[in-house]
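Q: Please take a close look at the second largest pocket and tell me which residues line it. Then go on to the aromatic rings and the other local features that you can describe.

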Amino acid sequence: MGRIFGYARVSSREQNLDRQIQALKKYVDAEHILTDKESGKNLNRPSYQALKGALGLRNGDTLVITSLDRLSRNKADIKQELQWFKEQNIRLKILDLPTSMVEVNKGQEWILDMIQNILIEVLASIAEQERINIKNRQREGIEAAKKKGKVFGRPKVSRPDDFEEIYRLWKNGELTAVKARNELDLSSSTFYRMVRQYEGESKGI
């Protein structure tokens, strides 16, 4: 009989793992529960990757999670991981997917697989749609804020009134670039950006 591991995840360090861990403890020894406080947008998480590493899950082992979206919120990633579990002969038990918890007689595993595959496809689609909805709400919020005049990103630096005079002195070699930047109180990148813009305007670009 293989070993049993548990995996719990929340999206940020401010969130609490206690509820998931308590639920997993009914099926998994506490020392075999691994956790991550990382986003579900991809699979690059320390504890989850450790589970899939050389010292983690092996043929015949079982992984228990509270819900499918603890693996990922990306449908393609979920399907990829389910395929990996299948190829490695690792059973995945999902607490909020009762059919995945059922024990069947030898030779009847196909029944469980058939039902579970249908439900997994549905749940994976829901997880993906939720991720899309979150991104849409964020975009809508940003657009609404922009309409109200909120500015995102770094504020644009206006060209100083004496830029043309300092530019001419620098271009004629009467000022070094460092001295010119200091006179205008500009960073190197902003100074050269303004130079390009000014020269483009002068050439009618």
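A: The lining of the second largest pocket is made up of S11, S39, G40, K41, R73, R131, I134, K135 and Q138. The model is a predicted one: local features need pLDDT of at least 70 and side-chain atom pairs pLDDT 80 or more, whereas totals for chains, interfaces and linings use all residues. Numbering runs from 1 along each chain as its sequence is written, and side-chain values use heavy atoms, without hydrogens or water. A pocket here is an open set of points on a 1 Å grid over the protein atoms alone where a 1.4 Å probe fits, with protein on both sides within 12 Å along at least five of seven lines; lining residues have an atom within 4 Å of a point. The volume of this pocket, the space filled by probe spheres set on the points, is about 230 Å³. By class, its lining holds 1 nonpolar, 4 polar and 4 charged residues (Asp, Glu, Lys and Arg are charged; Gly counts as polar and Ile as nonpolar).

Turning to the rings, there are 9 aromatic pairs in the structure (ring centres within 6.5 Å; planes under 30 degrees apart are stacked, over 60 edge-to-face, the rest tilted). One of them joins Y167 and Y198 in an edge-to-face arrangement, with 4.8 Å between the centres and 65° between the planes. Y167 belongs to helix 5 (residues 163-171) and Y198 to helix 7 (residues 188-202), so this pair ties together parts that are 31 residues apart in sequence (helices are DSSP runs of H or I with at least four residues, strands runs of E with at least two). Y167 is buried at 12% relative accessible area, and Y198 is buried at 15% (buried is under 20%, exposed over 50%, partly exposed in between, with a 1.4 Å probe).

The pair of W170 and Y192 is edge-to-face because the ring centres are 6.4 Å apart and the planes stand at 70°. W170 lies in helix 5 and Y192 in helix 7, so this contact ties together parts 22 residues apart in sequence. W170 is buried, with a relative accessible area of 18%, while Y192 is partly exposed at 31%. Ring pairs join these four residues with F163 and F191 into a cluster.

Two rings also have a charge over them (NZ of Lys or CZ of Arg within 6 Å of the centre and within 35 degrees of the normal). The charged end of R45 is placed over the ring of Y48, 5.4 Å from its centre, and K52 lies over the face of W84 at 4.8 Å from the ring centre.

The largest nonpolar core (buried nonpolar residues joined through side-chain atoms within 4.5 Å) has 22 residues, of which L51, L63, F85 and L92 touch the most other members. Two or more residues each come from strand 1 (4-10), helix 2 (46-51), strand 3 (62-65), helix 3 (75-87), strand 4 (91-94) and helix 4 (109-147). Helix 3 gives the largest share, 4 residues.

Some backbone features remain. N89, which is not a glycine, has a positive phi of about 55°; it sits in the loop between helix 3 and strand 4 and is partly exposed at 45% relative accessibility. D185, also a residue other than glycine, has a positive phi near 60°. Its place is the loop between helix 6 and helix 7, where D185 is exposed at 69%. V178 is in helix 6 (residues 177-184) and is partly exposed, with a relative accessible area of 46%. Its C-alpha atom is 54 Å from that of L34, 144 residues away along the chain.

Definitions and conventions
Phe/Tyr/Trp six-rings, centres within 6.5 Å; stacked < 30°, edge-to-face > 60°.
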